[in-house]
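Colleague: I would like a close look at one part of this model, the loop with the unusual backbone angle, and then at what surrounds it. Please explain it for someone in their first year.

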Amino acid sequence: MTTYVPNQWYVAGFDYEIGRKPLARTLCGEEVVLYRKLDGTPVAMHDACPHRLLPLSMGMLEGDDLRCRYHGMMFDAGGRCVDMPTQDGVVRNFQVKKVYPVVERYRFIWIWIGEAEKADAALVPDLWPCEREGWTFDGGAYHVKADYRLMIDNLMDLTHETHVHPGTIGQPEILGSPIETNSEGDRVFVRRWMKGIDAPPFWRYALKKPGKVDRWQICEFIPPSAVIIDVGVAPEGTGAPEGDRSQGVNGYVIDVLTPETETTAWYFWGMARNFDLADQGFTARFKQQQGGVFMEDVEILEAQQKRIDANPDMKLRVFNIDAGGARARAVIERMIAAEKAAGDAAPTLAAE
Amino acid sequence: MTTYVPNQWYVAGFDYEIGRKPLARTLCGEEVVLYRKLDGTPVAMHDACPHRLLPLSMGMLEGDDLRCRYHGMMFDAGGRCVDMPTQDGVVRNFQVKKVYPVVERYRFIWIWIGEAEKADAALVPDLWPCEREGWTFDGGAYHVKADYRLMIDNLMDLTHETHVHPGTIGQPEILGSPIETNSEGDRVFVRRWMKGIDAPPFWRYALKKPGKVDRWQICEFIPPSAVIIDVGVAPEGTGAPEGDRSQGVNGYVIDVLTPETETTAWYFWGMARNFDLADQGFTARFKQQQGGVFMEDVEILEAQQKRIDANPDMKLRVFNIDAGGARARAVIERMIAAEKAAGDAAPTLAAE
Amino acid sequence: MTTYVPNQWYVAGFDYEIGRKPLARTLCGEEVVLYRKLDGTPVAMHDACPHRLLPLSMGMLEGDDLRCRYHGMMFDAGGRCVDMPTQDGVVRNFQVKKVYPVVERYRFIWIWIGEAEKADAALVPDLWPCEREGWTFDGGAYHVKADYRLMIDNLMDLTHETHVHPGTIGQPEILGSPIETNSEGDRVFVRRWMKGIDAPPFWRYALKKPGKVDRWQICEFIPPSAVIIDVGVAPEGTGAPEGDRSQGVNGYVIDVLTPETETTAWYFWGMARNFDLADQGFTARFKQQQGGVFMEDVEILEAQQKRIDANPDMKLRVFNIDAGGARARAVIERMIAAEKAAGDAAPTLAAE
């Protein structure tokens, strides 16, 4: 795969997706089996028994070890074979081809596909709203048959809400408000303020105050593949655009993409908020609604991917509204090129 | 695609198929979106927004213009962008990659895939029975997973009715009657007369007279891909074979093929007749029956295509019964070669 | 196809599968139509009419001849065209591309894909338990999306029963008992004796005696692709391991594989037994149960095949338990190499 940055952390799954039932998931082009040890520590390794290649995800956990369901070869969390039925002892150096560094943070399990020795937990992308005192966070995992960068384009340009989501989150004011795109290092920001407008139903419910509002949408790309969207409203003229959000309500939409193949992706989505914290129903209703909204995006992205595949001679054009996505793609390309230059080629599963 | 003649008119759809809801259809290997302007004029263009390649067929019509459902770019019927949300004005030369000449005639919408400047409405294949005073015409559109030329072979040799349609239109007399194949310019004729036979139920009902009949089937190939089949019966000995059909009943089966890909096709079928004109039920029943008959052909053609794909070393053999189809194929090949010789290569969607 | 031995007999179908309705089946990469003549003799030929390539398996039998359903060309059991509608007589040398030697034996129809002149009925693999005085035999046909050699590996190592079939035929004693692998010419044997154990329910029912038993599983590979598994139990200490099975019950599981493509196969399975001969219900129940057991294997083999396809750099490892399958594969490879060396390359359907 040439579209992702090997030596980076990518989300393998939401915390609740990975447990004591081994999970098979293709991540950055590699087949991975994921599970948790008895103490909850996540484990990730190549999803094929090195004996006869049956997916280990079809196997059974025994304590912290995973036993293949074909001939019963058992491997520990480090990928080393610890039991070979009908063999005297264990054959030397018989082990799963690759064990991946994993770390749990921000309610996600992160995986490092590249060179294991470079995996540093400090490099996990900073999704600070997911672990903030006084806030709550939850979300879901989706699969989309499109290049993950098409989803980043989508998230960095909320103009699309008008035409893609007219019945839900679209609002005419979005088109009427100018955006401001700028970069800070490898981070890219797209800011839109809609001042003195009527709050849409979602935000009216959250704000619990009448009157016009100032609404904001601030998209932030965090390499290699996350977008945090800072959204909220405050009563008009109470100073939100200038930095005082104390009268308003605020949420952070967290979007993290993991390429599955060159043209398919895993999309992890959630929302962090600091209001209605005790209302479990808020989260449940919001996840339900967002599922419907997301399907509208999926329809678009998958149709777009098909046309891109069929028209390799046509380039994606970049206009004003696309500046955020274009800058994010440039960051990704720069990181890939830097790794290549440093000899850190995308790892391949080398022959034995 | 190398199996069709680029600078020719092909049917894009029946008149009733194309309206105010944009229709996506792949024709001669190109992805096309079709719709009608408010005044009914048909429009055809490349089915991808030149911005981010979403199929325009997913978009919304506003008057005569088509707006992309992703970012709201709007294009007029000439493919020129006339509105770009959040952009100051419209970017110069921003337009749909290709707009196709279209013309409506004989109840079909015809499209010209080749060089637009050569498109001349006078070149539409002459399907005169579809627009004849005192006659009525109707039909339907079908999709078949086979090279369109296999269907032309099928239509130019009605011998197949005996074994493919034994329960419906097949009749033993077909095998017993010799055919006569000849060409007039680029048109190919296969004529069969069955004299002094019992009329099959369909024709008995239409003729409304007892007694033996003379029955005819005259297949005419009209390049690049139409077959008109002149069919009918007249009371035996009333002069039909010699040219006097005044005592008989007569219909014209109209078959027009449009390649979709090298191995799939659109098949437009209809019947023109000069009897029972006021019997709307006749048409409805006939379309219903013909749908069943056509599915028998589809089963054959699709199985045939699979075996052809699997046996690239085997050639289709040409015997007496295949003469009509073989001549029609020769005409098509000659036309393709002539265009190539003239430098009129099949158009490709060139890079920007 | 490079994984099978061309000049060998392979099973085309169970005797009851092939009758007066032409059957289409891909065998060793070739599309074959199979039927029986009026006297019951089986016939096999290339499944494409040499005229327009429609599968002949869609055609109609007339006596011993097969008529194509498209244009009615009719072929005798030797593949020669014997009727061409609307043609004067029959075109010389117009015949089906290939007619395959077939022979019926051991309740199977065997086909010879290679050079017809080398086909010798005496070379049919010796499945003697299927036609033994005082024994009965029956079984079924299954399709599996995996290389046929993966199934041979599976059958030559019954260790897998413990983990793949824990709810049915798996038994802990299998893992606890050593195997003995040896070859006799091109035959490979894997023997396992479990002495003084409790009989599993199936064998308890068959033996109809209480007490501990000596149980055996003796797998025998017979080239090119059959495995006979000699199974049974006898009361402990009555001499079965030493050769006296007179106090026990015995069955032979017959497994014959035919490659369909490089990565799919037909699996013919049956059981021959010498007990409860009159109990028709025994056979019916056993086939029903075996279908369920087989689906457990299919799930494993198909998952394994997918991982093998995705990891072309990874080799299947050979440990103690794999010795039988590895030897069987070596025999197959040796036979393929020998044919190649003798200039007996795998036949291809040569161009006309």
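Modeller: A term is needed first: a strand here is a DSSP run of type E with at least two residues, and strands are numbered from the N terminus. With that, the loop can be placed: B:C28 sits between strand 2 (23–27) and strand 3 (30–36) of chain B. Keep in mind that the model is predicted.

What is the sign of phi at B:C28? The sign is positive, with phi near 50°, and the residue is not a glycine. Most residues other than glycine have a negative phi. Is B:C28 buried or exposed? A residue is called buried when 20 or more other C-beta atoms lie within 10 Å of its own. B:C28 has 25 such neighbours inside 10 Å, and therefore counts as buried.

A second residue makes a useful contrast. C:K208 also has a positive phi without being a glycine, in this case near 60°. C:K208 belongs to the loop that runs between helix 4 (201–207) and strand 15 of chain C. The cut-off for an exposed residue is 12 or fewer C-beta neighbours. C:K208 is exposed because there are 9 other C-beta atoms within 10 Å.

The backbone has another feature to check, the cis peptide bond. In general, most peptide bonds are trans. In chain B, the bond from B:P223 to B:P224 is cis, and omega is near 5°. B:P224 is part of the loop that links strand 15 (213–222) to strand 16 (226–235) of chain B. Chain C has a cis bond as well, joining C:P223 and C:P224, with omega about 5°. There, C:P224 is in the loop between strand 15 (213–222) and strand 16 (226–235) of chain C.

Back in chain B, consider the buried residues. Nonpolar side chains tend to be buried together in soluble globular proteins. The largest nonpolar core in this model holds 262 residues, and A:I111, B:I111 and C:I111 touch the most other members. Which residues does B:I111 touch, leaving out those up to four places away in sequence? The list is B:Y10, B:A12, B:L27, B:V32, B:A44, B:Y100 and B:V102. Helix 1 of chain B (residues 148–155) is also worth a look: eight of its eight residues are buried, so the helix is largely enclosed by the rest of the structure. Among the buried residues of this helix are B:Y148, B:R149, B:D153 and B:L155.

Next, how the chains are arranged. Chain B can be superposed on chain A by a rotation of 120° with 0.0 Å of shift along the axis, giving an RMSD of 0.1 Å. This is the relation of a three-fold axis. B:D309 has the C-alpha of chain B that is nearest the axis, 14 Å away. For chain C, a turn of 120° and a shift of 0.0 Å lay the chain on chain A with an RMSD of 0.1 Å. The residue of chain C that comes closest to the rotation axis is C:D309, with its C-alpha at 14 Å.

The chains also touch. Between chain B and chain A, 21 residues of chain B meet 21 residues of chain A. On the chain B side these are 12 nonpolar, five polar and four charged residues. The contact between chain C and chain A uses 21 residues from each of the two chains. On the chain C side, helix 2 (161–164) and helix 5 (280–310) each supply at least two residues. Helix 5 gives the most, six residues. The chain C side divides into 10 nonpolar, seven polar and four charged residues.

Finally, the division within one chain. Chain A has domain 1 (9–123) and domain 2 (130–340), and their C-alpha centres are 33 Å apart. Where they touch, 12 residues of domain 1 of chain A meet 12 residues of domain 2. On the domain 1 side, strand 1 (9–14) and strand 2 (23–27) of chain A give two or more residues each. Strand 1 has the largest share, four residues. The residues on that side are seven nonpolar, three polar and two charged.

How values were computed:
Residues numbered from 1 in each chain as written. Chains lettered and ligands numbered in written order. Predicted model: local features only at pLDDT ≥ 70, side-chain atom pairs only at ≥ 80, totals over all residues. Contact = placed C-beta atoms within 7 Å. Nonpolar A, V, L, I, M, F, W, Y, C, P; charged D, E, K, R; others polar. Least-squares fit on C-alpha atoms with pLDDT ≥ 70 in both. Domains from an automatic or database assignment. Core = buried A, V, L, I, M, F, W, Y, C linked by C-beta atoms within 7 Å.
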